[in-house]
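I opened this entry to record what I looked up, going from the whole chain to its core and its rings.

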Amino acid sequence: MNRCYGAEVAVVEDGGRPSRFTWNGRVYGVRRILDHWVTLRVDWSPVHEARVPERRHWRVEAGAVCAQGVYELRHDTASGAWMLSRVRG
């Protein structure tokens, strides 16, 4: 089952990769990175910025004490914000 979210999460990075994130007050440790890809922001306007902002997507296997699964995280390089995009259970 897939569930889509648009929840902002706090992410701790290690070498540019997510190593853990906090969502709904729970800390999820990243056990394994399953996939990584980059997309260009669709709302980008060349008038406002010199380079095209990217969104970096990470599919990770992660877990907390009471919840384990596969999570998709998205990092917006222009704003620095991290979002939880999808949970697969």
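How many of the 89 residues of the protein chain, in per cent, count as buried? I find that 33% do, where buried means under 20% relative accessible area, exposed over 50% and partly exposed in between, with a 1.4 Å probe and protein chains only. I note that this is a predicted model, in which local features need pLDDT of at least 70 and side-chain atom pairs count only at pLDDT 80 or more, while totals for chains, interfaces and linings use all residues. Residues are numbered from 1 along each chain as its sequence is written, and side-chain values use heavy atoms, with hydrogens and water left out.

**Strands.** I looked up the secondary structure and found zero helices and seven strands in the protein chain; helices (H or I, at least four residues) and strands (E, at least two) are DSSP runs, numbered from the N terminus. For pairing, which requires that DSSP finds at least two bridges between two strands, I noted that S5 and S6 run antiparallel and are joined by nine bridges, with Ala62 opposite Gly69 in S6. S6 also pairs with S7 in the antiparallel sense, over six bridges, and there Arg74 stands opposite Met83 in S7. Five residues lie between S6 and S7 in their hairpin, and Gly80 in the turn has a positive phi of about 85°.

**Core.** I then turned to the largest nonpolar core, a set of buried Ala, Val, Leu, Ile, Met, Phe, Trp, Tyr and Cys residues joined through side-chain atoms within 4.5 Å. It has 15 residues, of which Phe21, Trp23, Val60, Tyr71 and Leu73 touch the most other members. Two or more residues come from each of strands S3 (17–23), S4 (26–40), S5 (54–63), S6 (68–76) and S7 (82–88). Leaving aside residues up to four places away in sequence, I listed the contacts (heavy atoms within 4.5 Å) of Tyr71, including Phe21, Trp58, Ala62, Leu84 and Val87.

**Rings.** I counted five aromatic pairs, for which ring centres of Phe, Tyr and Trp (its six-membered ring) must lie within 6.5 Å, with planes under 30 degrees apart stacked, over 60 edge-to-face and the rest tilted. Trp23 and Tyr28 make a tilted pair, 6.0 Å centre to centre with 40° between the planes. The pair of Trp23 and Tyr71 is edge-to-face because their planes stand at 70°, with the centres 6.5 Å apart. That pair links distant parts of the chain, as Trp23 in strand S3 and Tyr71 in strand S6 are 48 residues apart. Tyr71 is buried at 3% relative accessible area, and Phe21, Trp23, Tyr28 and Tyr71 form one aromatic cluster.
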